[in-house]
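Q: Please take a close look at the nonpolar interior of this protein. I would like a connected account of how its core residues and aromatic rings are arranged.

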Amino acid sequence: MPCLEDVANIALRVPSILVLDLLYKCDIDNFTEHLRAKNEDMLFKYKYVIWNLYYLGHLVNVVMLVLPLRHIVRLYLHILTALLLYVGHQISKDYVRVEVQYGYNGALHLDALAFNRFVTALTSQIILSTLCAFLMKTDKVWLFSTHLLPLLARLCAVPHETLLMVNSFSMVLTGVGVAIFLLSNLFVPYRLARTAYSELLQLEVIELYRLLAVAVSLWNQYAVPVLFSVFWSVLFVVQLFSYFTASDASGSHQGVLFFLLTSVSDCCATPYSLLGLAFVVSFLALGLLNLTKLYLGGYAAVLNDNVMHRGVTEGVTLLLLALQTGLLDMAALQRTFLLSIILFIVLTSTLQSMIDITDPFILALGASRNRSLWKHVRGLSMCLLLLVLPGYMAYKISQFFHMDFWLLILVSSCLLTSLQVTGTLLIYSLFMVELFRSDPIDPLDEVIYWVNAVSRVLEFLVALCVVAYGTWESLFGEWSWMGASATANQLHQHNDVCAICFQEMNSAVLTYCGHFFHGNCLRKWLYVQETCPLCHQPVRPSRQAHPRPLSLAKQQETCRLLLRPPERLSQAARRNKEVPEIRAQVVRTHGSHLLRYQPWPA
């Protein structure tokens, strides 16, 4: 059954990735600091044990992830057998506890309730022992029957104290058997690794193309795209379920789109989940492109595979943008907004691929003089969708963000898409005009040439405007890195770390509100919002006249004055009209650590 084997190949590997994802989220440093706060001796004893368990968990799950399917199935069968043995001992333990509470230790056939309990427990224990023997593919059922010892002891009417001892002995006996089994298979991973190494040596992987062939073979064998897509889908479903079952439904008023974006953002906080999201986006783009082919040309068009229309571009685009912008290092809300921008870019790329599919189809209809009305309706409706949707997307995203260089790039990509569709529709219209004319249009080729030329010139002008705006921003804008860079003397006086990444600053950008950040850190923050991370003032200065900055001595004196409790302030300081104005400027200059102090009453 190859289909069942493919399903098992995916389903049995997903738990390993889930555990790796959970291990990546574990904050071992925070946990060890918590132990240090409790007891230094406890930290000394368990710190290295915790780290060794952490690395061992990674190693075990990576090994389980790359094992051949037959070994994974055998491993899961052993785990299931161990769980059945645990259930059997729990049944025996509950049975012994009930018997001790009941207080009857005579013959079973003389008490109906005791006899019924015994028959029920015995039947369930026999079924469990038989299942364990079946899973281990052996007819030695007695190997998995140690949990029957308390029942046999009760059948012999032993005292309750002895019954408890027999139950404990059966559990110890099962533990000894499991330990012997683990010790006898201790070198199985080594033998598996040696076998895999021998197989690689037999392949004689010397040349690069053979190494690539082995990599492609392993990629297909483990079905990596489907595996990570299923893993991410499980994460997403669990996240949705946790949101729906949460008692706090305050986020439900934000709208469905924000809710979905927040859920997707929470499911891409690790490299494993980000890779899974990239594969999911790739499959969604592939499905959308196949639907476009099916709508335009039918099933035969879907079979006509194009390597550029497999959704790979969209998945790789999302992955590269996420890594370049530091998506994994951001907080949840920042990651949500940045992910919305990345998904917008991916959707724009998908629309471009849809244009590449629609363009030859609609032009072929006009050039071949095809009179099928339904085909023309499908082609024109698809062109209309690709003409209107980018404009609507550009309008919506401009409502959420202020116009800047990055937003201009996104809007220009939508404009380029609409321009391409407009050029295609103009050429199609020329073909249709010639079709309904009695005599052909002689200069049709020249007209089509000029339409293509004008379309390309307009596209070039849009791109040129974007480049010119970016150049102007870099050279003359308020946020050029040349004009806003902090000097060495300013960094020496500041003598602090970056408030975003908490790392030392050898070079920094000085904001208008007087705060220092790394250039890369501030750029990542500005992807999310154009406000200062500390005081939340707009990054760009207002058009009002700039207030004259205070001297350093005046700022220090004002800080000393403002941090004093209101009841200790002199009346002269309260009557000083400069204090509120100075306080506002000091807060702008020294950051949000002053914002927690409320202004005193006038």
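A: The following account treats the nonpolar core, then the aromatic rings, and then one helix in detail. The model is predicted.

The largest nonpolar core holds 33 residues, and those touching the most other members are Trp232, Leu277, Leu318, Leu327 and Ile342. Two or more residues of this core come from each of helix H2 (14-25), helix H11 (224-245), helix H12 (256-266), helix H13 (271-297), helix H15 (312-324) and helix H16 (332-367). The greatest contribution is that of H11, which gives 8 residues. Leu277 may serve as a point of entry: once its neighbours within four places in sequence are set aside, Leu277 is in contact with Trp232, Val264, Cys268, Leu318 and Leu339. Another core, of 26 residues, lies apart from this one and includes Leu289, Phe344, Ile355 and Val421.

Aromatic rings form a second theme. Across the whole structure, a search finds 8 aromatic pairs. In one of them, the ring centres of Phe228 and Phe279 are 6.1 Å apart and the planes stand at 35°, so this pair is classed as tilted. Because Phe228 belongs to helix H11 and Phe279 to helix H13, the pair ties together parts separated by 51 residues in sequence. Buried status applies to Phe228, at 11% relative accessibility, and to Phe279, at 13%. The pair of Tyr449 and Trp450 has its ring centres 5.9 Å apart and its planes at 75°, so it is edge-to-face. Tyr449 and Trp450 are both exposed. Phe228 and Phe279 also belong to one aromatic cluster, together with Trp219 and Phe231. A charged side chain meets a ring elsewhere: Arg117 lies over the face of Tyr102, 4.4 Å from the ring centre.

Helix H17 completes the account. This helix covers residues 373-400, and at 1.5 Å a residue its 28 residues should span 40 Å; the C-alpha atoms at its ends are 41 Å apart, which agrees. The buried residues of H17 are His376, Arg378, Gly379, Met382, Cys383, Leu386, Pro390, Met393, Ala394 and Ile397. These buried residues pack against H13, H16 and helix H18 (405-436). Two of those partners, H13 and H16, are also among the elements that give two or more residues to the largest core.

Notes
Residues are numbered from 1 along each chain as its sequence is written. This is a predicted model: local features need pLDDT of at least 70, side-chain atom pairs count only at pLDDT 80 or more; totals for chains, interfaces and linings use all residues. Side-chain values use heavy atoms; hydrogens and water are left out. A nonpolar core is a set of buried Ala, Val, Leu, Ile, Met, Phe, Trp, Tyr and Cys residues joined through side-chain atoms within 4.5 Å. Buried means under 20% relative accessible area, exposed over 50%, partly exposed in between (1.4 Å probe, protein chains only). Helices (H or I, at least four residues) and strands (E, at least two) are DSSP runs, numbered from the N terminus. Contact means heavy atoms within 4.5 Å. Rings of Phe, Tyr and Trp (its six-membered ring) pair if their centres lie within 6.5 Å; planes under 30 degrees apart count as stacked, over 60 as edge-to-face and the rest as tilted. A charge sits over a ring if NZ of Lys or CZ of Arg is within 6 Å of the ring centre and within 35 degrees of the ring normal. The expected span of a helix is 1.5 Å times one less than its number of residues.
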